[in-house]
Amino acid sequence: MGVIIAKSLNEACVVLAENPATTVLAGGTDLMVQANRGMQSMDSVLDLSRILELKEWTLKDSEIVLGAGISYTDLAEPQIATVVPALAQAARTVGSPQIRNAGTLGGNLATASPAGDTIPVLVAMDAVLQLKSSSGNREVAITDFITGVKSNALQAGEIIQSITMPVFQGPQEFLKVGTRNAMVISVVSLALVTDYLGRKLRVGVGSVSPVPFRATEAEEFISQEFDWEKNSSLSEKVINKFSDMVADSTKPIDDHRGTADYRKHAVGILAKRALERVCANGES
Ligand SMILES: Cc1cc2nc3c(=O)[nH]c(=O)nc-3n(C[C@H](O)[C@H](O)[C@H](O)COP(=O)(O)OP(=O)(O)OC[C@H]3O[C@@H](n4cnc5c(N)ncnc54)[C@H](O)[C@@H]3O)c2cc1C
C-alpha cells in the first residue's frame, strides 16, 4: 500500500491528477469499514487529514463556509452550533466520541448514504459544495451532488473543499429514529429549519428515499400557517396536516432496519415533534 499524506489542498489535487484511481482518505470511518470487507482498494491512498485548510470555517455576509475536513466533534462546538444548530444536533447523534472525532462532514457527503445524518440538514438549507481539482474549481448544489444511493457527482481528480450555506434566523431541529438511542444509523431522519426573514419553514428528510430531499409541499403549507408575527402556537389540526404531508412526500423501502410503513409513520412523528419544538423555542 502506498500512502501520501498531503499537507495542502493544492498538493492533494496534484496527487489525484497524476493518479485519479488513488483512494481519498479523510477520517476513515466509512472507508476502513469498506476496506475491511474487501470492497475498497487501498493500493494507493491519499490522506487528507493533515490539510489544515479543510478544517477551517468562516462566517461572513450571512453565510457560513465549513471546510470538508471538519469533524463531527467540531461541528458540535458552540461557535458552529449557535450558527447552524440543526447540523450540530445531527453531529451529536453520529456514532461514538471516537467516530465523531475522526469522521468528517466531507466524508459523510462523499459517502452519500440515504442515512447520512448531515445530509437532510444541508438539503433543508440549500447548501452548496465547493469542489476542487488541479484543473479548476466548481460549485454544486447539495441536491445535484447526491445522485443516488451512495453515489455522488464527484469527477475524477476532484476533492470536496468546503460546504457553504445561508445563516437563517430562527430555531432549528434535527431528529432521527434508530433501533437504539446511540451508535446507530438512522432509520428515519428529519431537519426543520426556520427562516424568519424569508418567512419559510424548511424541511429535509433522510432514509425515506434513495436521496434525502426537501418536503416542499409540506413546507409551503406550514410556512403559510405559521404565525410569523406573534409566533402563537399552531392548532393540532395544522400540526397533524403538516405531519401527514411530510409522511406522504416520502417513498421509503422495506429493509433490515425498518419497513416502509414504519418509516412513513416515524417520519410523520418526527415532523410533528420538530414543529412543536420549533414553535416552543421561537416563543418570545
Ligand atoms: C461505528 C460507526 C458509526 C457511525 N454512525 C454514523 C451515524 O450515526 N450517522 C452517520 O451519518 N454516519 C455514521 N457513520 C458513518 C461515518 O462516520 C460518516 O459517514 C463519516 O462522516 C465519514 O467521514 P470520514 O471522514 O470518516 O470519511 P472516510 O471514511 O475517510 O471517507 C468516506 C468516503 O468519502 C470520501 N471522501 C472523504 N473526504 C473527502 C473529500 N474531502 N473529498 C472527496 N472525497 C472525500 C472517501 O474517498 C470515501 O469514499 C458511522 C460509522 C461507523 C464506523
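How far is an oxygen atom of the ligand from an N or O atom in the side chain of Y72? In this model the separation is 2.4 Å. I should say at once that the model is a predicted one. I will start at the ligand, then go through a small sheet, then a set of strands further along the chain, and end with a few single residues.

First, the ligand. Y72 is not alone in contacting its oxygen atoms. A polar backbone atom of L31 lies 2.7 Å from an oxygen atom of the ligand. For G95, again through a polar backbone atom, the distance to a ligand oxygen is 3.3 Å. On its own, the ligand has 980 Å² of accessible area, and the protein covers 87% of that.

Now the shell around the ligand. There are 33 residues around the ligand, and those that come nearest are V24, T29, D30, Y72 and T104. Sorted by class, the shell holds 18 nonpolar residues, 12 polar ones and 3 charged ones. As for where they sit, at least two shell residues come from each of β2, residues 23-25, α2, residues 31-36, α7, residues 105-111, and β10, residues 159-166. Which of these gives the most? That is α7, with 5 residues.

Next, the small sheet. One of the elements just named, β2, belongs to an open sheet of 3 strands, and the order across the sheet is β1-β3-β2. The pairing in this sheet is parallel. Why is one side of β1 and one side of β2 left without a neighbour in the sheet? Both β1, residues 2-5, and β2 stand at the edges and have a single partner strand each, so one side of each has no neighbour there. On average, neighbouring strands in this sheet are turned by 25° against each other, with direction ignored.

To look at one pair in that sheet, take β1 and β3. Strand β3 covers residues 44-47, and 4 bridges link it to β1 in the parallel sense. If you want a place to find this on the screen, V3 has V45 in β3 as its bridge partner.

Now further along the chain, to strand β13, which spans residues 200-206. I will use V203 as the entry point, since that residue lies in β13. Is V203 buried or exposed? V203 is buried, and its relative accessible area is 0%. The rest of the strand follows suit: 7 of the 7 residues of β13 are buried, so the strand is largely enclosed by the rest of the structure. Both faces are covered. On one side are K200, R202, G204 and G206, and on the other L201, V203 and V205, all of them buried.

What pairs with β13? One partner is β12, residues 188-195, which runs antiparallel to β13 and is joined to it by 7 bridges. Within that pairing, L201 of β13 has T194 opposite. The C-alpha atoms of V203 and A191 are 5.7 Å apart, although 12 residues separate the two along the chain. β12 and β13 make a hairpin with 4 residues between them, and in the turn R199 has a positive phi of about 50°.

Another partner is β14, residues 213-214, which pairs with β13 over 2 bridges, also in the antiparallel sense. Here R214 of β14 is opposite G204. This pair forms a hairpin too, with 6 residues between the strands, and S207 has a positive phi near 70°.

Some single residues to finish. T164 lies in β10, a strand that came up earlier as a contributor to the ligand shell. T164 has a relative accessibility of 11% and counts as buried. Which side chain does the side chain of T164 contact? Its polar contact is with the side chain of Q130, at 2.9 Å.

The other two are D61 and S62. D61 is in the loop between β4, residues 57-60, and β5, residues 63-67, and S62 is found in the loop between β4 and β5 as well. Neither is a glycine, yet D61 has a positive phi near 50° and S62 a positive phi near 60°. D61 is exposed, at 68% relative accessible area, and S62 is exposed, at 53%.

How values were computed:
Residues are numbered from 1 along each chain as its sequence is written. This is a predicted model: local features need pLDDT of at least 70, side-chain atom pairs count only at pLDDT 80 or more; totals for chains, interfaces and linings use all residues. Side-chain values use heavy atoms; hydrogens and water are left out. A residue is near a molecule or strand if one of its heavy atoms lies within 4 Å of it. A polar contact is a pair of N or O atoms within 3.5 Å; within protein, one must be able to donate a hydrogen and the other to accept it, and residues adjacent in sequence count only if both atoms are side-chain atoms. Accessible areas come from the Shrake-Rupley method with a 1.4 Å probe; for residues, only the protein chains shown count as cover. Ala, Val, Leu, Ile, Met, Phe, Trp, Tyr, Cys and Pro count as nonpolar, Asp, Glu, Lys and Arg as charged, and the others, Gly among them, as polar. Two strands pair if DSSP finds at least two bridges between them. Axes are lines fitted to C-alpha atoms, for helices over the stretch in contact, and angles run from 0 to 180 degrees between N-to-C directions. Buried means under 20% relative accessible area, exposed over 50%, partly exposed in between (1.4 Å probe, protein chains only).
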